[in-house]
Amino acid sequence: MSKGQSGLGKSTLVNTLFKSQVSRKASSWNREEKIPKTVEIKAIGHVIEEGGVKMKLTVIDTPGFGDQINNENCWEPIEKYINEQYEKFLKEEVNIARKKRIPDTRVHCCLYFISPTGHSLRPLDLEFMKHLSKVVNIVPVIAKADTMTLEEKSEFKQRVRKELEVNGIEFYPQKEFDEDLEDKTENDKIRQESMPFAVVGSDKEYQVDGKRVLGRKTPWGIIEVENLNHCEFALLRDFVIRTHLQDLKEVTHNIHYETYRAKRLNDNGGLPPGEGLLGTVLPPVPATPCPTAD
């Protein structure tokens, strides 16, 4: 899932993610088409190919937020959507004649887009992440990172990490879920150096040194999306699709889904969802209300 305020290039980056080298073969998207503004939660399925292995991946594009006068509880529709996917899975799981392979629409990762202000996180961003981090794996991403100098980018990354820590917001990979010393060493490096990933997205190709690359054209040259000297898009792609894909799924199932499942069954007197003690249908767990964030 991609989430963040309007105008940060969420849809563009999602397209970039699947049109980069990891999935060019799966491309059926016309580069001439302008990406429309996302106005509703929209799930799009992709088949990506990695080392000859095909994998079906669903990307959930969400509307931007924060440009209304009243942004009170604007995270609720997203929290509700995530919980609805847990509910679907739970209903299939407790079914007596359940399917051999339960369709899994649960959200395993949420890319949270941060504006490249170079200053601090907005109170609304902090509130949003505080709520979402309780139900889904949050991966913070600095959007449009080419608007900052290298020094500004490094300082901003440190500031964001500090603010998340001070506000008790846990992003993925969470420290308490490191399974062994090797995991801890690898994830500490990601938490202390890579996070939040500073990325640039682009849906346009340019010729550079005889190769066609995804990039952004500027008066002083081409910013290559997949060049690590230019941005951290390739690190983000590898992190989500290659190195941590399975772990994202496991943390979702063992932590976030189990938390939802335990609460749901407890609220229902230990009975399967859909039936109360007297056979009444129970509603899904509602999103948690919260005070207004300016």
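A residue is called buried when its relative accessible area is under 20%, exposed when it is over 50%, and partly exposed in between. Keep that scale in mind as we look around this structure, which is a predicted model.

**A negative patch on the surface**

Let's start with Asp 180. With a relative accessible area of 41%, Asp 180 is partly exposed. Its place in the fold is the loop between α4 (150-166) and α5 (181-194). Which residues share a patch of negative charge with Asp 180 on the surface? They are Glu 179, Glu 182, Glu 186 and Glu 250.

**Salt bridges**

Side chains of opposite charge can pair when their charged atoms come close. How many salt bridges does a search of the whole structure find? The count is 17. Here are three of them, with the distance between the closest N and O atoms.

| Salt bridge | Closest N and O atoms |
|---|---|
| Lys 80 with Glu 84 | 2.8 Å |
| Arg 212 with Glu 205 | 3.1 Å |
| Asp 125 with Arg 122 | 3.5 Å |

The Lys 80 and Glu 84 pair belongs to helix α2 (residues 76-93), where the two partners are 4 residues apart and so separated by about one helical turn. Lys 80 is partly exposed at 48% relative accessibility, and Glu 84 is partly exposed at 29%.

In the bridge between Asp 125 and Arg 122, one partner is tucked away: Asp 125 has a relative accessible area of 2% and is buried. Arg 122, at 25%, counts as partly exposed.

For the remaining pair in the table, Arg 212 comes out as partly exposed at 48%, and Glu 205 is likewise partly exposed, with a value of 21%. Elsewhere, Asp 178, Lys 184, Asp 188 and Arg 191 are joined into one network by salt bridges that share partners.

**Cysteines**

A disulfide is a covalent bond between the sulfur atoms of two cysteines. To be counted here, the two sulfur atoms must lie within 2.5 Å. How many disulfides does this rule give? The count is 0.

Why does Cys 109 not form one? Its closest cysteine sulfur is in Cys 110, and that sulfur is 7.1 Å away, too far for a bond. Seen from the other side, the cysteine sulfur closest to that of Cys 110 is in Cys 109. As for their surroundings, Cys 109 is buried at 11% relative accessibility, and Cys 110 is buried with a relative accessible area of 0%.

Definitions and conventions: Residues numbered from 1 in each chain as written. Predicted model: local features only at pLDDT ≥ 70, side-chain atom pairs only at ≥ 80, totals over all residues. Heavy atoms only, no water. Patch = residues over 30% accessible without salt bridge, like charges linked within 9 Å, V, L, I, M, F, W, Y side chains within 5 Å. Areas by Shrake-Rupley, 256 points an atom, 1.4 Å probe, with all protein chains shown as cover. Salt bridge = Lys/Arg side-chain N within 4 Å of Asp/Glu carboxyl O. Lys, Arg positive; Asp, Glu negative; His and termini not counted. Charge placed at Lys NZ, Arg CZ, Asp CG, Glu CD. Helix = DSSP H or I, 4+ residues; strand = E, 2+ residues; numbered from the N terminus. Buried < 20%, exposed > 50% of the residue type's maximum accessible area, 1.4 Å probe, protein only.
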